[in-house]
Amino acid sequence: MPEHSAWSIRAAIASIVLLVACADDDAHEPAAGTSAPSTAPAPPTSRAPTQPPVRVCGNADLLLGPDSPPPGAIVVPPGDNSRIDWTQAGTTYWLAPGVHTLGGGEFDQIIPGRGATFIGGPGAVLDGRRMNRYAFTQQAPDVRIAYLTIRGFGRGADNHNEAVVNHDAGDDWIVEHNTIADNDGAGVFLGDGNVLRSNCLQDNGQYGFSAYEPDGVRDVSVEGNEIVGNNRDDWETRIEDCGCSGGAKFWDTEGAVVAGNWVHDNHGPGLWADYNNRDFVFERNYFEGNADEALFYEVSYNAVIRHNTFRRNAIGKGQRFAEAGDLFPVAAVYISESGGDSRVAGPPAIEVFGNVFHDNWSGITVWENADRYCGNGATPGCTLNTTATESSCVQPGISQKPLYDDCRWKSRNVKIYDNEFRVTPANIACEALLCARQSLLSNHGTWPPDSPYQGAVIQDAITFRQGNVWARNRYIGPWVFVAHDLSTVLDFDSWQADPYGQDVGSTLT
């Protein structure tokens with residue numbers, strides 16, 4: 001089924017508790033058009049990259065390690081390293097050039113000690129040989145892994161929702177200057193305080209990396225990586241609509257800087273932040289050729305998306321939807337049930353500015369599912385109590401308030417300004433009105449039968465009352481605009497006119 005109608009499947013399998021702050025929040029919902037950039041001149045130039053900011057894969061300048069061991073390091077020769085004691089705290093291991101293996105057992109792996117460092121010499125390879133599932137595991141903090149090629153872990157479509165490097169999401173790991181490729185599952189897991197930089201994350205079975213811990217992840221940095229060709233095992237076909245694929249996935253992460261990465265040609269989304277993420281910055285990234293959305297921000301809060309380049313993304317998915325007769329506006333940036341909220345970390349908005357969009361299937365879709373709310377199975381542990389006088393949301397540790405006022409994930413306070421959107425439909429093989437769209441919409445509420453959000457309630461709210469604003473953008477090409485619902489397709493003048501009042505100070509040529 002289409003992804004926008006498959007949310008309940010993903011929610012049911014999620015193993016995290018979502019943040020649903022059930023406090024009266026009317027004060028945080030300005031009318032459309034308020035608190036938005038208006039007619040001030042747009043910046044004369046964009047700081048979005050004009051080419052990939054980094055090319056890591058195959059780049060010897062970034063990936064080749066020192067040709068001699070650091071002082072005091074344990075020298076590890078190539079060959080079978082299954083008898084090495086990797087657990088010594090504060091120890092540096094220098095893996096000499098050549099191929100290193102860990103034995104033939106499924107769970108033969110490296111368990112680092114606290115503060116250990118693993119450095120590869122020029123051309124050092126750690127090879128799982130399709131025998132071992134994981135490379136670096138357990139939760140020792142302050143581990144550093146650098147200048148290694150880590151490949152061949154997992155036994156073929158293995159490690160679903162698991163990772164090869166930092167399998168248990170240890171804190172304060174630094175993973176840098178590695179090639180982590182051709183593994184099953186995710187190449188890397190990120191835990192609290194992790195730094196992932198200058199790595200080639202290529203052709204892994206599920207993700208290049210994923211951020212997940214049962215109690216959430218805090219303060220991660222993802223900078224200067226090349227993230228390419230991941231989701232090789234096509235998990236959406238193995239587990240229908242699992243929402244578990246792409247270049248990378250963030251779950252329940254607070255405080256992430258994702259900067260200067262080249263995210264390209266992944267099978268599925270490029271970067272996907274799904275469930276209870278907040279206080280994110282995505283900047284100076286180059287998203288190119290991802291089959292689905294370049295950037296998917298779902299059921300999350302408070303983010304800045306600035307000075308990125310989006311080129312030729314979501315074409316594969318857009319064409320699939322068009323061929324199936326599904327008119328949902330597949331876009332390079334998809335903001336789904338996400339928005340600004342002052343009750344969680346980060347400035348209370350989603351701001352999208354200074355970006356360049358070139359020949360994507362569509363530009364930005366802001367969507368809110370009318371049938372997705374506390375009490376209809378969308379949140380583990382969140383139930384709906386209905387009395388003769390009111391309905392209320394009940395979640396452990398959270399006070400009760402009227403359900404109509406809150407206890408749903410709202411796409412609100414989304415500000416989209418000072419971006420350039422350029423498209424030539426012939427370049428992406430699409431027909432009129434099926435691509436080149438900007439969209440702000442919801443569905444007609446129908447489910448369950450006692451839902452307080454039936455009819456156009458949420459369609460009206462997302463379009464007119466939740467502070468979602470486009471302004472001062474530059475459009476080149478035959479753009480159309482979808483507002484309120486799928487049937488309302490507007491030209492630029494109608495999008496700017498009442499009752500929508502969008503894109504004040506913007507131009508279309």
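# Notebook: looking around a predicted model

**Entry 1. Confidence.** I started with the confidence scores: the mean pLDDT of the protein is 88, and 85% of its residues reach 70 or more. I have to remember that this is a predicted model. Next I asked where pLDDT stays under 50. One such stretch is residues 1-34, for which the model has 108 contacts beyond four places in sequence. Another is residues 38-44, with 10 contacts beyond four places in sequence. I will read both stretches with care.

**Entry 2. Disulfides.** How many disulfides does the structure hold? I found two. One of them joins Cys-57 to Cys-200, with 2.0 Å from S to S. I also looked up its handedness: the link is right-handed, with 95° about the S-S bond. This pair connects distant parts of the chain, 143 residues apart. Cys-57 sits in the loop between helix H1 (7-13) and helix H2 (60-63), while Cys-200 belongs to strand E14 (residues 200-202).

Are these two cysteines buried or exposed? Cys-57 counts as partly exposed because its relative accessibility is 23%. Cys-200 has 1% relative accessibility, so it counts as buried.

I then turned to Cys-430 and Cys-435, which form a disulfide with their sulfur atoms 1.7 Å apart. Both Cys-430 and Cys-435 are buried.

**Entry 3. An asparagine inside.** I picked Asn-266, found in the loop between strand E20 (262-264) and strand E21 (271-274). Why does Asn-266 count as buried? Its relative accessibility is 1%, and the cut-off for buried is under 20%.

What does the Asn-266 side chain meet there? A polar atom of this side chain lies 3.2 Å from the backbone nitrogen of Gly-229. The side chain of Asn-266 also makes a polar contact of 3.0 Å with the side chain of Asn-290. I checked the wider surroundings too, leaving aside neighbours within four places in sequence: Asn-266 is in contact with residues including Ile-227, Val-228, Asn-230, Gly-247 and Ala-291. Gly-229 and Asn-290 appear among those contacts as well.

**Entry 4. Nonpolar cores.** Which residues touch the most other members of the largest nonpolar core? I noted Phe-136, Ile-150 and Phe-209, out of the 89 residues in that core. I looked more closely at Phe-136, not counting residues up to four places away in sequence. Among the residues that Phe-136 touches are Ile-110, Pro-112, Phe-118, Leu-126, Ile-145 and Leu-148. Ile-150 is one of the residues touched by Phe-136 too, and so are Asn-166, His-167 and Trp-173. There is also a second, separate core of seven residues, which includes Ala-163, Trp-235, Cys-242 and Cys-244.

**Entry 5. Salt bridges.** How many salt bridges did the count give? The count comes to 28, and I followed a few of them.

My first pick was Asp-182 with Arg-130, whose closest N and O atoms are 3.1 Å apart. Asp-182 lies in the loop between strand E11 (179-181) and strand E12 (186-190), and Arg-130 in the loop between strand E6 (124-127) and strand E7 (144-146), so this pair ties together parts that are 52 residues apart in sequence. Asp-182 is partly exposed, with a relative accessible area of 38%. Arg-130 counts as partly exposed too, at 30% relative accessibility.

Then I looked at Glu-176 and Arg-197, whose side chains meet in a salt bridge at 2.7 Å, N to O. Glu-176 is in strand E10 (residues 174-176) and Arg-197 in strand E13 (residues 195-197), distant parts of the chain that are 21 residues apart. Glu-176 is buried, with a relative accessible area of 6%, whereas Arg-197 is partly exposed at 34%.

My next pick was Arg-306 with Glu-283, a salt bridge of 2.8 Å, N to O. Arg-306 lies in strand E25 (residues 303-306) and Glu-283 in strand E22 (residues 278-283), so the pair ties together parts 23 residues apart in sequence. Arg-306 is partly exposed, with a relative accessible area of 26%, while Glu-283 is buried at 15%.

Finally, which residues are linked in a network of salt bridges? I wrote down Glu-106, Arg-133, Arg-155, Asp-158 and Glu-162.

Technical notes. Residues are numbered from 1 along each chain as its sequence is written. This is a predicted model: local features need pLDDT of at least 70, side-chain atom pairs count only at pLDDT 80 or more; totals for chains, interfaces and linings use all residues. Side-chain values use heavy atoms; hydrogens and water are left out. A disulfide is a pair of cysteine sulfur atoms within 2.5 Å. Helices (H or I, at least four residues) and strands (E, at least two) are DSSP runs, numbered from the N terminus. Buried means under 20% relative accessible area, exposed over 50%, partly exposed in between (1.4 Å probe, protein chains only). A polar contact is a pair of N or O atoms within 3.5 Å; within protein, one must be able to donate a hydrogen and the other to accept it, and residues adjacent in sequence count only if both atoms are side-chain atoms. Contact means heavy atoms within 4.5 Å. A nonpolar core is a set of buried Ala, Val, Leu, Ile, Met, Phe, Trp, Tyr and Cys residues joined through side-chain atoms within 4.5 Å. pLDDT is the predictor's confidence in each residue, from 0 to 100. A salt bridge is a side-chain nitrogen of Lys or Arg within 4 Å of a carboxyl oxygen of Asp or Glu.
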